[in-house]
Amino acid sequence: MAVQTAVQNADSVPDAGSVDLGPAAALSCRECGERFDLGPIFACASCFGPLEVAYDLPSGTPEELKKRIAEGPDNIWRYAPLLPVPADVATKPNINPGFTKLVKADNLARELGITGSLHIKDDSGNPTHSFKDRVVAIAVEAARAFGFTTLSCSSTGNLAGAVGAAAARAGFRSCVFIPHDLEQGKVVMAAVYGGELVGIEGNYDDVNRFCSELIGDPLGEGWGFVNVNLRPYYGEGSKTLAYEICEQLGWRLPDQIVIPIASGSQLTKIDKGLQELIKLGLVEDKPYKIFGAQAEGCSPVSTAFKAGLDVVRPQKPDTIAKSLAIGNPADGPYVLDIARRTGGAVEDVDDEQIVDAIKLLARTEGIFAETAGGVTVGVTKKLIEAGLLDPALTTVVLNTGDGLKTLDAVAPTTGPTATIRPSLDAFRDAGLAGS
Ligand SMILES: *Cc1c(COP(=O)(O)O)cnc(C)c1O
């Protein structure tokens, strides 16, 4: 069994004492709390629960820490004291993602009836145009610390591109796995960086199962799978979204955040990041609500949320939001817990609503989102209409990817207003003159 093997592989890990991952002190089990030395392991040896990074968080006053952060680089490494990376991380070859724009979206707010403030955290501005660069950048540093030379992953598309780029820059070999039927934009982006790209005949859950087998087999020995055996470190990259949002709001917590869900890792780690900021005194403690967003064609978490269940029943994905098409989300139960604990919700929208929302965001704010951004904007609209999201408060909606990667989603319903001969008469006939 894959989990068992991964735990046994811990024996071949470098000395815990020789691993420098900055403030990361250990791995701890999210279920039973047992602690383990830092290493490329992801499951608890006692209860098989998922492992996460535990820290010695920095001492000093909140003001000192804020100053230190402000003096850092304009990327995720400004938060190095809160991440599992060595202190000199900014000097290493890395794609250096983050510090993407937080766009105040007044036009969209007006359209949605939001009277408070609405912000789009636009992660299409990362090096490979999705939020995945954040998680991969951290996984690369963990891979370096553990002595891996090949990087791998199972991907719904964006992760493959992020790993390819990060490996190229950081000097690793890469071999990544994707479902064979992804959008052309994702396939090209995954391949262009020169690593190996393997299409698997099946959906993401088949790809993931294959990678779990590979990790326990000599064929995959010595490989760092960013979202499998390096998953505890990988996940921490998503905390930087929480840090940036709060810093960009002037070190304040938003009232409501709408986050897309694939495996659910990002959503759970944004919550972890917000909790850390409160604990460190970097933001004033107040309630916030976390909302999860899925596509109807792959909505195992929202289905469980609406049914009041604690377990997430796997689904077979069928949606244009392929980056979110994980039918068996590893962090599903934790997402349910966070949505309920914070007073949020999990909602879904269908493919037509996703396309409408992509166009709505583009036409109101000049931001062209990939399908995952259509999911969050569409769900935001739905939550307001249902009275679940308070339009009078400060709301942040995540756009996690670039529309250029999923042109296929909007191409059938988007195109020239008219095609005419190059003559003024023809233009007059088209009826487009005037202001
Ligand atoms: C991977 C991905 C997500 C969310 O991933 P999680 O597995 O839930 O962490 C969201 N948006 C895009 C565009 C992605 O590629």
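**A threonine contact, a small sheet and some ring pairs**

Let me begin with a side-chain pair: Thr394 and Ser117 are joined through their side chains by a polar contact of 3.5 Å. I should say at once that this is a predicted model, and I will keep to what has been computed from it. Thr394 belongs to strand E13, which covers residues 394-399, and with a relative accessible area of 11% Thr394 falls under the 20% limit and therefore counts as buried. Leaving aside residues up to four places away in sequence, Thr394 touches Ser117, His119, Arg252, Pro254, Asp255 and Gln256.

Turning now to the sheet, three strands in the order E2-E1-E3 make up an open, antiparallel arrangement, in which strand E2 (35-36) and strand E3 (51-55) are the edges, each of them pairing on one side only. Strand E1, residues 24-29, pairs with E3 in the antiparallel sense over five bridges, and one of the residues to follow here is Ser28, whose bridge partner in E3 is Glu52.

Next, the aromatic residues, where a search of the whole structure gives four pairs. Among them is the edge-to-face pair of Phe146 and Tyr233, with 5.3 Å centre to centre and 65° between the planes. Because Phe146 lies in helix H4 (residues 132-146) and Tyr233 in helix H8 (residues 231-236), this pair ties together parts that are 87 residues apart in sequence. Phe146 is buried at 6% relative accessibility, and Tyr233 is buried as well, at 0%.

Finally, Arg78 has its charged end over the ring of Phe99, 4.1 Å from the centre of that ring, and also over the ring of Tyr79, 6.0 Å from its centre.

How values were computed. Residues are numbered from 1 along each chain as its sequence is written. This is a predicted model: local features need pLDDT of at least 70, side-chain atom pairs count only at pLDDT 80 or more; totals for chains, interfaces and linings use all residues. Side-chain values use heavy atoms; hydrogens and water are left out. Helices (H or I, at least four residues) and strands (E, at least two) are DSSP runs, numbered from the N terminus. Buried means under 20% relative accessible area, exposed over 50%, partly exposed in between (1.4 Å probe, protein chains only). A polar contact is a pair of N or O atoms within 3.5 Å; within protein, one must be able to donate a hydrogen and the other to accept it, and residues adjacent in sequence count only if both atoms are side-chain atoms. Contact means heavy atoms within 4.5 Å. Two strands pair if DSSP finds at least two bridges between them. Rings of Phe, Tyr and Trp (its six-membered ring) pair if their centres lie within 6.5 Å; planes under 30 degrees apart count as stacked, over 60 as edge-to-face and the rest as tilted. A charge sits over a ring if NZ of Lys or CZ of Arg is within 6 Å of the ring centre and within 35 degrees of the ring normal.
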